[in-house]
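Biologist: Could you take me through one part of this model in detail? I would love a close look at its largest pocket, and then a word on what surrounds it.

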Amino acid sequence: VVARGSISFLPAEGTEGPSATASIVDGKYLFDQSNGPVPGLYKVVITPQDGKKSLPKAGSQLVKNKSAEPWSGQADVTVDDNVKDFNLDEAIPSPAP
């Protein structure tokens with residue numbers, strides 16, 4: 001689990017709307033209607049703050065990662081599905097900036 005860091009939803013081609021970024025705290029992140037992504041396809045970028053990991057906690061929107069490398073993947077945000085968990089061990093990390 002990424003204990004601290006950031007998560008960004010960057011609109012993919014064909015998705016209209018702004019990007020959305022939130023902090024990851026204790027392995028969880030939270031958007032609300034005022035700052036969250038609108039429905040559509042997004043590139044998701046997760047950047048661990050310090051590489052430290054914590055144990056998963058009960059609840060949703062956990063970010064699991066064995067690596068301290070930035071990670072990117074995709075997410076399809078819909079009106080009805082407002083919980084997105086990411087297992088970062090299932091994809092290749094992004095190259096370091």
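**A close look at the largest pocket**

Modeller: Happy to! By class, ten nonpolar, five polar and three charged residues make up the lining of the largest pocket. Please keep in mind that this is a predicted model. The lining counts 18 residues in total, and those that lie nearest the pocket's centre are Phe31, Asp32, Gly36, Pro37 and Asn82. As for space, the volume of this pocket comes to about 430 Å³.

Now for the chain as a whole. The protein chain has six strands and zero helices, so to speak of its elements from the N terminus on is to read β-β-β-β-β-β. Among these strands, β3 covers residues 40-48 and runs antiparallel to β5, with seven bridges joining the two. One bridge can be followed residue by residue: Lys43 has Gln74 in β5 as its partner.

Gln74 also helps to show how β5, residues 71-77, is arranged. Together with Ser72 and Asp76, Gln74 belongs to the uncovered face of the strand. The covered face consists of Trp71, Gly73, Ala75 and Val77.

Stepping back once more, 36% of the chain's 97 residues count as buried. About 6000 Å² of the protein chain is exposed, and carbon and sulfur atoms supply 51% of that area. Finally, take the contacts with a separation of 6 or more: 59% of them are accounted for by residues 24 or more positions apart.

Conventions
Residues are numbered from 1 along each chain as its sequence is written. This is a predicted model: local features need pLDDT of at least 70, side-chain atom pairs count only at pLDDT 80 or more; totals for chains, interfaces and linings use all residues. Side-chain values use heavy atoms; hydrogens and water are left out. On a 1 Å grid over the protein atoms alone, a cavity is a set of points where a 1.4 Å probe fits but cannot get out, and a pocket is an open set with protein on both sides within 12 Å along at least five of seven lines; lining residues have an atom within 4 Å of a point. Grid points are joined across faces, edges and corners, and a volume is the space filled by probe spheres set on the points. Ala, Val, Leu, Ile, Met, Phe, Trp, Tyr, Cys and Pro count as nonpolar, Asp, Glu, Lys and Arg as charged, and the others, Gly among them, as polar. Buried means under 20% relative accessible area, exposed over 50%, partly exposed in between (1.4 Å probe, protein chains only). Helices (H or I, at least four residues) and strands (E, at least two) are DSSP runs, numbered from the N terminus. Two strands pair if DSSP finds at least two bridges between them. Contact means heavy atoms within 4.5 Å. Accessible areas come from the Shrake-Rupley method with a 1.4 Å probe; for residues, only the protein chains shown count as cover.
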